[in-house]
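I opened these notes to record what I looked up in the backbone and in the sheet. The entries follow the order in which I worked.

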Amino acid sequence: MRRPSKDESPNYVLLQCLKIFALSAVVTTALQVILADEAQAQTAPRKKAPAATAPLPAASSEQMEAFGRAHVGDYACELGQSLSVAAHATPGYLEVRFLKHKFTMKPVVSSTGAVRLEDVTGRTLMVQIANKSMLLDNKIGQRMVDECVHPSQRSAADAAKPAAS
């Protein structure tokens, strides 16, 4: 009589059946946990909307003058980047968008004649001079983007070139 091979021995077959049974128990338990998590996620209360921010203070006459001098629209910046400046819902304020960021800015005319757009949270500052603008991060003390040019700044720079020649 021939001797059974390892794969044919009753102990080996029993061991393989136990492994399959244990594996199916693990899979069943994992599925139960996943289904319970999904059920809990569906019944969990939804996250509340962020609290409304405090209303912005009314703009002063100086702020309204600076608002009128600010360059509103799209800017072409260094390294192919861009930003945009638009009027905010609150009169006298502007909204600056750069990458995925949106900043509410208060316009201020500096003593040099440049327009400063100061973030109401104090995080950023945009400086607009005759021929370019830049966006700065006050918190880390670095430029976020530089050499930003609004079409009216480009026109002013082009008009100044022949006079300089």
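I began with Leu-79, which in this predicted model sits in the loop between strand 1 (73-76) and strand 2 (82-87). I looked up its backbone angle and found phi near 55°, a positive value in a residue other than glycine. Most residues other than glycine have a negative phi, which is why I noted the angle. For the side of accessibility, I recorded Leu-79 as exposed because its relative accessibility is 78%, and the cut-off for exposed is over 50%.

I then turned to Glu-147, where phi is likewise a positive value near 55° in a residue other than glycine. Glu-147 is found in a strand, namely strand 8 (residues 142-148), and I entered Glu-147 as partly exposed, with a relative accessible area of 40%.

Next I followed the sheet, an open one in which eight strands are arranged in the order 1-2-3-4-5-6-7-8 with antiparallel pairing. Strand 1 and strand 8 stand at the edges with a single partner strand each, so one side of each has no neighbour in the sheet. From one strand to the next, the twist averages 25°.

Within the sheet I checked one pair in detail: strand 5 (residues 115-119) and strand 6 (residues 124-128) run antiparallel and are joined by four bridges. In this pair, Val-115 stands opposite Gln-128 of strand 6.

Last, I asked which strands helix 2 (residues 61-69) lies across. They are strand 2, strand 3 (94-98), strand 4 (101-109) and strand 5, and I noted that helix 2 runs at about 115° to strand 4.

Note on methods: Residues are numbered from 1 along each chain as its sequence is written. This is a predicted model: local features need pLDDT of at least 70, side-chain atom pairs count only at pLDDT 80 or more; totals for chains, interfaces and linings use all residues. Side-chain values use heavy atoms; hydrogens and water are left out. Helices (H or I, at least four residues) and strands (E, at least two) are DSSP runs, numbered from the N terminus. Buried means under 20% relative accessible area, exposed over 50%, partly exposed in between (1.4 Å probe, protein chains only). Two strands pair if DSSP finds at least two bridges between them. Axes are lines fitted to C-alpha atoms, for helices over the stretch in contact, and angles run from 0 to 180 degrees between N-to-C directions. Contact means heavy atoms within 4.5 Å.
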